[in-house]
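Grab the viewer and work through a few short exercises. Each one sets a task and then walks through the solution.

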Amino acid sequence: MPFAPPTHGYEENPIGETVYDYLLPNNCSKAIYSPTSLELCGIEKNDVIVIDPSLPIKNGSIALIRLEDETFVVKLVQNKGKWFAASDTRKGSLSDDITMLGVVTNVIKNQID
């Protein structure tokens, strides 16, 4: 009768088939190429950003927003009850025309140029 190895029951689960399984632990997160840069936060155009639409925005959050037909990575700041967004090319207060796509949770730097 064979004996079980001493490590039986202590095996580790693999982190996933791809790095995305590790970086995207829940179904609501998405990984996309950054449409714009936000040099203030070290995000460059075509870096992969992971966004989570279910997270609430907070003062200082980095978020992906859509204004009309353009998409921007912005830093959100709250001042005196109003929300403001700043990107490398634009800044201003948030209006009803803006669609919040999600809060940035991770950045994967573009290694190919």
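**Exercise 1: The chain as a whole**

Task: write down the order of the elements from the N terminus on.

Solution. From the N terminus on, the elements run α-β-β-β-β-β-β-β. That gives 1 helix and 7 strands in the chain. Helices (H or I, at least four residues) and strands (E, at least two) are DSSP runs, numbered from the N terminus.

A word on the ground rules: residues are numbered from 1 along each chain as its sequence is written. This is a predicted model, so local features need pLDDT of at least 70 and side-chain atom pairs count only at pLDDT 80 or more, while totals for chains, interfaces and linings use all residues; side-chain values use heavy atoms, with hydrogens and water left out.

**Exercise 2: Strand pairing**

Task: find which strands pair with strand 7 through 5 bridges, and in what sense.

Solution. Start with strand 2 (48-52). Strand 2 pairs with strand 7 (residues 98-108) in the antiparallel sense, over 5 bridges. Two strands pair if DSSP finds at least two bridges between them. Within strand 7, V107 is the residue opposite I49.

Next, take strand 3 (residues 62-67), which also pairs with strand 7 in the antiparallel sense over 5 bridges. Look for L67: its bridge partner in strand 7 is I98.

**Exercise 3: Two loop residues**

Task: is K45 buried or exposed? Then do likewise for S87: buried or exposed?

Solution. First place K45: it sits in the loop between strand 1 (30-33) and strand 2. Its relative accessible area is 53%, so K45 counts as exposed. The cut-offs are under 20% relative accessible area for buried, over 50% for exposed and partly exposed in between (1.4 Å probe, protein chains only). Leaving out residues up to four places away in sequence, K45 touches S34, P35, T36 and S37; contact here means heavy atoms within 4.5 Å. Now check K109: it is 64 residues from K45 along the chain, with 9.6 Å between the C-alpha atoms.

Then turn to S87, in the loop between strand 5 (82-86) and strand 6 (91-93). S87 is buried because its relative accessible area is 13%. Setting aside neighbours within four places in sequence, S87 is in contact with L38, F72, V73 and V74.

**Exercise 4: Back to the totals**

Task: what percentage of the residues of the chain count as buried?

Solution. Of the 113 residues, 27% count as buried. For contacts with a separation of 6 or more, 50% come from residues 24 or more positions apart.
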